[in-house]
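Let us take a walk through this structure together. Have the sequence and the 3D view at hand, and follow along at your own pace.

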Amino acid sequence: MNRLETLFGLKGEATVRYLDGEFQLVSPGEFVRCAVTGKPISLDDLRYWSVEHQEAYASSQISYNRFLELQSRKG
């Protein structure tokens, strides 16, 4: 635990396993990062992710754009 965590109770970034319709906390934290923007996403606000790519997304639009990007790489 670093000094900031001690002073402010910050827990930092969580490690998450993304499943169908839910996610599993692998290591504790308060947020994950959007795979596209790098923006922190509170675990309470986490709604969009890819099970196949094990990535979190900050919004539905970002999730959709990432889906299209990954699909174009396959074809």
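Leu 25 is a good place to begin: this residue lies in strand β2. Keep in mind that what you see is a predicted model. Is Leu 25 buried or exposed? Neither word fits, because its relative accessibility is 44% and buried would require under 20%, exposed over 50%; Leu 25 therefore counts as partly exposed. Leaving aside residues up to four places away in sequence, Leu 25 touches Ala 14, Thr 15, Val 16 and Leu 43. Take Thr 15 from that list: Thr 15 and Leu 25 are 10 residues apart in sequence, and their C-alpha atoms are 6.2 Å apart in space.

Now step back to the whole chain. How many helices and strands are there in the chain? You can find two helices and six strands. Starting from the N terminus, the order of the elements is α-β-β-β-β-β-β-α. The chain has 75 residues, and 24% of them count as buried. The area that the chain exposes is about 5,500 Å², with carbon and sulfur atoms supplying 50% of it. As for contacts with a separation of 6 or more, 22% of those in the chain are between residues 24 or more positions apart.

Let us look inside next. In soluble globular proteins, nonpolar side chains tend to be buried together. Which residues make up the largest nonpolar core here? This core has 10 residues: Ala 14, Val 16, Tyr 18, Val 32, Cys 34, Ile 41, Leu 43, Leu 46, Trp 49 and Ala 56. Three of these names may sound familiar, since Ala 14, Val 16 and Leu 43 are among the residues that Leu 25 touches. Ala 56 is another member worth selecting in your viewer. Not counting residues up to four places away in sequence, Ala 56 touches Tyr 18, Val 32, Arg 33, Cys 34, Ala 35, Ile 41, Leu 46, Tyr 48 and Trp 49.

The aromatic rings come next. The structure holds two aromatic pairs. One of them is formed by Phe 23 and Trp 49, whose rings are 5.5 Å apart centre to centre, with 85 degrees between the planes. Why is this pair called edge-to-face? Its planes are 85 degrees apart, and an angle over 60 counts as edge-to-face, so the name follows. Phe 23 belongs to strand β2 (residues 22-27) and Trp 49 to strand β5 (residues 48-50), so the pair ties together parts that are 26 residues apart in sequence. Phe 23 has a relative accessible area of 29% and is partly exposed, whereas Trp 49 is a member of the largest nonpolar core. Ring pairs also bring in Tyr 18, so that Tyr 18, Phe 23 and Trp 49 are linked into a cluster.

From rings we move to charges. Side chains of opposite charge can pair when their charged atoms come close. How many salt bridges does the structure hold? There are five. In one of them, the side chains of Glu 13 and Arg 33 meet at 3.4 Å, N to O. Glu 13 sits in the loop between α1 (3-8) and β1 (15-19), and Arg 33 in strand β3 (residues 31-33), so this pair links distant parts of the chain, 20 residues apart. Both partners are partly exposed: Glu 13 has a relative accessible area of 42%, and Arg 33 has 38%.

Another salt bridge joins the side chains of Glu 52 and Lys 74, again at 3.4 Å, N to O. Glu 52 is in the loop between β5 and β6 (55-57) while Lys 74 is in helix α2, so parts that are 22 residues apart in sequence are tied together. Glu 52 and Lys 74 are exposed.

The salt bridge between Arg 66 and Glu 55 is 2.7 Å, N to O. Arg 66 lies in helix α2 and Glu 55 in strand β6, so the pair ties together parts that are 11 residues apart in sequence. Are these two partners buried or exposed? Arg 66 is buried, at 13% relative accessible area, and Glu 55 is buried as well, at 14%. Salt bridges that share partners join Glu 55, Arg 66, Glu 69 and Arg 73 into one network.

Our last stop is on the surface. Tyr 64, Phe 67 and Leu 68 make a nonpolar surface patch of about 310 Å². Phe 67 is found in helix α2 (residues 60-74), and with 44% relative accessibility Phe 67 counts as partly exposed.

Definitions and conventions:
Residues are numbered from 1 along each chain as its sequence is written. This is a predicted model: local features need pLDDT of at least 70, side-chain atom pairs count only at pLDDT 80 or more; totals for chains, interfaces and linings use all residues. Side-chain values use heavy atoms; hydrogens and water are left out. Rings of Phe, Tyr and Trp (its six-membered ring) pair if their centres lie within 6.5 Å; planes under 30 degrees apart count as stacked, over 60 as edge-to-face and the rest as tilted. Helices (H or I, at least four residues) and strands (E, at least two) are DSSP runs, numbered from the N terminus. Buried means under 20% relative accessible area, exposed over 50%, partly exposed in between (1.4 Å probe, protein chains only). Contact means heavy atoms within 4.5 Å. A nonpolar core is a set of buried Ala, Val, Leu, Ile, Met, Phe, Trp, Tyr and Cys residues joined through side-chain atoms within 4.5 Å. Patches are made of residues with over 30% relative accessible area and no salt bridge: like charges are joined within 9 Å, nonpolar side chains (Val, Leu, Ile, Met, Phe, Trp, Tyr) within 5 Å. Accessible areas come from the Shrake-Rupley method with a 1.4 Å probe; for residues, only the protein chains shown count as cover. A salt bridge is a side-chain nitrogen of Lys or Arg within 4 Å of a carboxyl oxygen of Asp or Glu.
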